Amino acid sequence: MELNRRTVIAGAAAAGLAATALGTTEASAADARGDRAASGGGKPVRELFGRLADGTRIHRWSLENGGTRLKVLSYGGIVQALEIPDRHGRYANVVAGFDDIADYVAKSPYFGALIGRYGNRIDKGRFTLDGTSYQLSVNDGVNSLHGGAQGFDKHVWDVEPFTQGPDVGLRLHYTSADGEMGYPGTLRATVTYTLTRHGDWRIDYAATTDKATVVNLTSHVYWNLAGEGSGTIEDHELTIAASRYTPTDPGLIPTGELARVAGTPFDFRRAKPIGRDIRAGHEQQVRAKGYDHNWVLDKGITAKPEHIATLRDPRSGRTLRIATDQPGLQFYSGNFLDGTLTGTGGRTYRQGDALCLETQHFPDSPNHADFPSTVLRPGQTYRTTTVHTFGA
């Protein structure tokens with residue numbers, strides 16, 4: 001979800017975040033030194049995935065439970081692969097990603113990453129809180145996107161594996177210093193990935209601060225239920241339980257209006273193929289080059305996750321059901337994938353070859369008093385949960 005993902009690529013290159021992939025020989029030596037954690041009993045398995053330019057080791061954790069297989073990197077909390085079976089029991093990786101850390105550092109349009117401190121856009125990177133104005137890192141034209149040039153997706157997280165009863169998972173920890181990317185307060189974030197006995201992938205976000213700040217965490221997985229690199233997602237059928245959405249200005253910043261979806265290409269209250277109306281010529285679609293908007297969920301903010309969206313691939317029969325306690329869902333139809341990125345399966349990603357469904361508070365909420373608040377204060381704990389349920 002962005003105006004132009006190339007700005008992210010350029011920002012990473014300018015920051016000098018070059019990295020090197022780990023060769024087979026080095027991987028074997030690393031394993032001998034204990035870089036591969038012991039496996040067995042359904043516990044997460046750790047292996048060395050690569051190194052950053054400064055030598056920092058990046059590990060990949062593999063989890064399996066209830067028929068779902070998940071691979072997660074310590075860099076950015078990235079979901080590098082997620083495998084689920086089709087109607088015939090055949091497995092495929094259904095998320096876009098890369099085979100080496102260098103591509104994630106230099107090229108990635110947020111493939112599979114944890115997003116923070118603030119998912120989505122903030123107008124001109126500015127907001128005012130308690131009478132103090134803050135200027136954030138600007139990395140998307142004149143706006144701040146996904147936490148700025150060095151958001152949570154570009155940091156190494158501490159990873160703690162766990163098993164709890166029939167469930168298995170990872171707890172990821174990162175502390176964002178006061179002033180990082182312009183945000184006030186030291187923010188201590190914990191994100192928990194759990195694979196349940198039924199194969200659900202649950203994400204629990206938590207954060208605390210020592211100074212009033214704003215926070216909006218999400219996951220930026222790119223889905224293709226037919227299998228990553230298999231082609232367009234325009235035949236996927238999507239349902240979103242939302243009667244309104246937030247139209248945007250030419251910079252994809254919400255205007256403040258909560259517009260009705262009825263009678264527009266944005267009406268997904270009943271399942272329909274994504275490609276049916278994607279070229280309808282609606283002004284909002286022209287601006288975004290497809291869908292890249294926040295849907296205002298009918299349920300609003302809830303005490304526990306409620307079902308809000310269903311994605312189905314008719315070819316494989318695979319389905320994804322999403323439940324959340326959040327008030328919004330950003331649907332991005334992969335508009336800026338342009339054939340320059342090669343994924344884990346060795347195939348290039350073109351426009352519309354994957355999509356994102358990001359549970360969230362609304363974009364630019366700090367500048368819209370009528371939007372649900374994203375303010376977090378000392379003594380409070382930010383908590384939110386999203387659950388992904390798979391079927392075929």
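This note walks through a predicted model, from its overall make-up to one sheet, one residue and several internal spaces.

1. **Overall make-up.** The protein has 392 residues, and 57% of them count as buried. Four helices and 30 strands are found in it. Its accessible surface comes to about 14900 Å². Carbon and sulfur atoms hold 48% of that surface.

2. **Contacts along the chain.** Take the contacts in the protein with a separation of 6 or more. Of these, 66% are between residues 24 or more positions apart.

3. **A five-stranded sheet.** One open sheet is built from five strands. Their order is β20-β19-β22-β25-β28, with antiparallel pairing. The edges are β20 (259-260) and β28. Each of these two has a single partner strand, so one side of each is left without a neighbour in the sheet. As a general point, strands of a sheet pair through backbone hydrogen bonds, either parallel or antiparallel.

4. **One pairing inside that sheet.** Look at β22 and β25, which cover residues 292-297 and 328-332. They run antiparallel, and five bridges join them. Which residue of β25 is the bridge partner of His293? It is Phe331.

5. **Thr196.** This residue sits in a loop, between β14 (187-195) and β15. Is Thr196 buried or exposed? Its relative accessible area is 13%. The cut-off for buried is under 20%, so Thr196 counts as buried. What does Thr196 touch, once neighbours within four places in sequence are left aside? The contacts are Asn65, Gly66 and Asp167.

6. **Cavities.** How many cavities of 30 Å³ or more does a search of the whole structure find? There are four. The second largest has a volume of about 70 Å³. Three elements each give two or more residues to its lining: β15 (201-209), β28 (356-360) and β30 (382-391). Thus β15, the strand after the Thr196 loop, appears again here. So does β28, an edge strand of the sheet in point 3.

7. **What lines that cavity.** The lining of the second largest cavity includes Trp201, Ile203 and Tyr205. Ser219, Val221 and Trp223 also belong to it. Leu357, Glu358 and Thr359 are further members, along with Thr386 and His388. By class, the lining has six nonpolar, four polar and one charged residues.

8. **The largest pocket.** About 200 Å³ of space lies in this pocket. Its lining has 13 residues. Nearest the centre are Ile301, Gln326, His361, Tyr382 and Arg383. Two elements, β29 (375-376) and β30, give two or more residues each. Which element gives the most to this lining? It is β30, with three residues. The class split is five nonpolar, six polar and two charged. Note that β30 also contributes to the second largest cavity.

9. **The second largest pocket.** Its volume is about 160 Å³. It is lined by 14 residues. Ile278, Arg279, Lys289, Gly290 and Gln351 lie nearest its centre. The lining divides into three nonpolar, eight polar and three charged residues.

10. **Where to look.** For a tour of the model, start with the open sheet and its edges, β20 and β28. Follow β28 to the lining of the second largest cavity. From there, take β30 to the lining of the largest pocket. Then find Thr196 in its loop between β14 and β15.

How values were computed: Residues numbered from 1 in each chain as written. Predicted model: local features only at pLDDT ≥ 70, side-chain atom pairs only at ≥ 80, totals over all residues. Heavy atoms only, no water. 1 Å grid on protein atoms, 1.4 Å probe; cavity = no way out; pocket = protein on both sides within 12 Å on 5 of 7 lines; lining within 4 Å. Points joined across faces, edges and corners; volume = space filled by probe spheres on them. Nonpolar A, V, L, I, M, F, W, Y, C, P; charged D, E, K, R; others polar. Pairing = 2+ DSSP bridges. Buried < 20%, exposed > 50% of the residue type's maximum accessible area, 1.4 Å probe, protein only. Contact = heavy atoms within 4.5 Å. Areas by Shrake-Rupley, 256 points an atom, 1.4 Å probe, with all protein chains shown as cover.
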